[in-house]
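Work through the following exercises with the sequence and the coordinates at hand. Each task is followed by a solution in steps.

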Amino acid sequence: MGVLVAFLLFPLAAHAVTPGEMLDDPALEARARAIATELRCLVCQNQSIDDSDASLAKDLRVLVREKLKEGMSDAQVRDFIHARYGDFVLLRPPMKPGTLLLWSAPAIALLAGAAAVWMAARRRSGLAAAPTKALTAEERARLDGLGVARFDDSQSRD
Amino acid sequence: MIVETGHYALVLALALALAQFAIPFIGARLNDAALMRVARPAAITQFLFVALSYGALTYAHVVSDFSLVNVIENSHSLKPFIYKISGVWGNHEGSMLLWVLVLSLCGALIAVFSNAMPDRLRADALAVQGLLGAAFLLFILQTSNPFARVAPAPWEGRDLNPILQDPGLAIHPPLLYLGYVGFSIVFSFAAAALIGGRIDAGWARVIRPWTLFAWIALTLGIAMGSYWAYYTLGWGGFWFWDPVENASLMPWIAGTALVHSAAVMEKREALKVWTIFLAILAFSLSLLGTFLVRSGVLTSVHAFASDPDRGVFILAILVFFIGGALALFALRAGALPVGGLFSPISREGALVLNNLLLSACCATVVVGTLYPLALEAITGEKISVGAPFFNTVLIPIALPLALLMPIGQMLSWKRGDLAAALQRLRVAFVVGVVAAAAFGAWYGTPFLSIVTAGIAIYLVVGALSDLVLRARTSSGRPSLKRLVGLPLSAFGTSFAHAGMGLTLLGLAATGWGVESIVAMKPSSFYEVGPYQIGIESVSPRQGPNYSEVFAVMAVRRDGATLATIEPAKRFYQVRRMSRSEAGIVTIGLGQVYAAIGESHEDGTIDARLYWKPLVTLIWIGALIMAIGGALSLADRRLRIGVARRAAAPALEPAE
């Protein structure tokens, strides 16, 4: 979907992070980058502030770096931004009642799928068992009376 | 006049589509062969009329007929010729017309290549295809007419969005549509089988080539789009988990599951109900994707259309077809007989597990894509579901799936021997572990990259060792003669799996990429991984409909210049928009990637420089996957049209 992906970027032409805004301390800068990739540019679609060239994204990037320089931990910086801009700013949605279904979706899908497979297997083996159930003597006698040939069960499948 | 002919052809195509639906459908109910025979010519003519209409719109774009709103808004007389042609689908109306063109092409393909199947199945499938065509033709005529005129006509057009003026756009959407609209064929056959109530291995034989065909096109389309994003966006990202990308990924995952379950159904008559369900699901997800992209519901800049009428119309089409198919499924599926039996440890069992994991991935992508929309609609809360979420939840499902792929290949049908299968994979295990250690020693962390790379190598070796093992003679030596004699579908499976392994390796290697963001001074060199990059010159240049500033950069290693690259920043005058053009050179399997930004008064220029080791494997792998699909498609036993002959010796050994 590159055509469409491309639209995402259309107001931007220059780059996201510019040399001017980077921190001198490489370790601190690396932490800033890591945090920035998980924060959404609020005026863009589905783009992190690290990738976006929007001026709001730049402001947020600078803010993240300022807070890190003030000595905040990564979590503190994230919480600070989260408190200011709400859930929408987090590209990794927070765990809360409203997102419970979202986060458990893969597990639910796997469990539901596994249950369906198990039930289908049971149904299958149930059906497979049925024809092997021996006929009662009475049934056999009636069949013989009707002239139905006895057939070998093994030919019924494959 | 040509434009009016195109418009009128579209109306006639609608009439033909309705006939293609109603007449054969009634014929099939009355068991009237004459009525059923209408289906094929109707499908072929419908396609010809849509093609005529499409040709007329292309003509209007090529000659820059600015009396058409569509041409004004998306073209310019100075636009290069190739973009005049590809610009036809670079907008909502034209893109929908391409969608319908591919849909009617699918109908025509069924009509041409369906000699070997029951008349009723063909008639019903073409009827469903006709109904789909009618719905979308009506949508275009009602809400998205590409032939709308304006008077007086302006002298000049507004040009195409610069980001779409790229060779990538010329190939990507048609391939993508061929893929996701291609699943309509499988959908129609599923609906037809449910209507007719007969579903057997013969049906699986009919749909398998179509599934492969759509899957190949979609694989290539997605890969193409991702490479295009990679080189146009200026920072080397290739997948963003954007809803619009997910729209193409969802049918791909469902289609991948379908290719596998249809194989089980064809060989062993098992998984019938599930295969039918997947056949419905794959195209339903395509419809969902169309709805997401075309309706504007994402309120993203992506959705070129934000007219609510369109959204409601597509939603109605979506509800009608998905709802209808699922209702039919619910009514009929329970009555389907259970197919062949198999033990849990068998090829079938492995494919069931494969389908389970793929379905979980698919469900996760669907939920992740729709969740923010649903949550906002219900509670008003706004959340974002982005790459960190998808990576976190999908990697734990995808990696085990990759581990299982070669094991499944090694198990035999019906009842397999797990210990023996693992035994046969010991070379792959050892090579995988050694490779992981080597990658770890060479590139270092992240740990996830090391593990993923090890699994990827194991996957490639495992997939290929299946071929080698099957080519062994009784003496235990692989023989070339036996290798050549293996069925093409065996090569297909191995290639597709190995391709997946290579893609996985490319993805793993993104963790080892090196990035350098610098204000580059002329004549100094900057380290990026093992390379040094320096600017030789920065100068302006004039293109046909843009002006650009481009830098000539030298890529060196140990003082020797390996290549020069020319990243540029383009400015498109008409739309007053700019975009960057990356400078890329492929070295081995990796790429050096450079993009430039602002220039400063002190003579420096902002630049992003990257060394991306093994990155090309992401797309090479996808290409090999597609080749694998094509090999399977070419297998004589699966080829369209041989179904009847092949059906006779039904006892041919299942492999």
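The exercises treat a sheet, a helix and the confidence of the model.

The model is predicted: local features need pLDDT of at least 70, side-chain atom pairs count only at pLDDT 80 or more, and totals for chains, interfaces and linings use all residues. Residues are numbered from 1 along each chain as its sequence is written, while chains are lettered from A and ligands numbered from 1 in the order in which they are written.

**Exercise 1.** Determine the strand order of the open four-stranded sheet in chain B and identify its edges.

*Solution.* Step 1: Helices (H or I, at least four residues) and strands (E, at least two) are DSSP runs, numbered from the N terminus; two strands pair if DSSP finds at least two bridges between them.

Step 2: The pairing is antiparallel and yields the order E1-E10-E9-E8 in chain B. The edges are E1 (514–520) and E8 (583–587) of chain B; each has a single partner strand, so one side of each lacks a neighbour in the sheet.

Step 3: Five bridges link E8(B) to E9(B), and seven link E9 (residues 590–599) to E10 (residues 605–612) of chain B. B:Ala594 is the bridge partner of B:Gly583 and also stands opposite B:Leu609 in E10(B).

Step 4: The E8(B)–E9(B) hairpin has two residues between its strands, and B:Gly588 has a positive phi near 65° there. In the E9(B)–E10(B) hairpin, with five residues between the strands, B:Gly603 has a positive phi near 90°.

**Exercise 2.** Establish how the buried residues of H16(B) are distributed about the helix axis.

*Solution.* Step 1: A residue is buried if 20 or more other C-beta atoms, placed from the backbone, lie within 10 Å of its own, exposed if 12 or fewer, and partly exposed in between.

Step 2: In H16(B), the buried residues are B:Ala428, B:Gly432, B:Ala435, B:Ala436, B:Phe439 and B:Tyr443. They fall within an arc of 105° (taken over the directions from the helix axis to the C-beta atoms), so they line one face of the helix.

Step 3: Exposed residues B:Arg426, B:Val430, B:Val434, B:Ala437 and B:Ala441 lie on the face turned away from the buried side of H16(B).

**Exercise 3.** Locate the elements of chain A with the lowest and the highest mean pLDDT.

*Solution.* Step 1: pLDDT is the predictor's confidence in each residue, from 0 to 100. Chain A averages 75, and 72% of the residues score at least 70.

Step 2: Helix H1 (residues 2–8) of chain A has the lowest mean, 37, and helix H4 (residues 74–85) of chain A the highest, 91.
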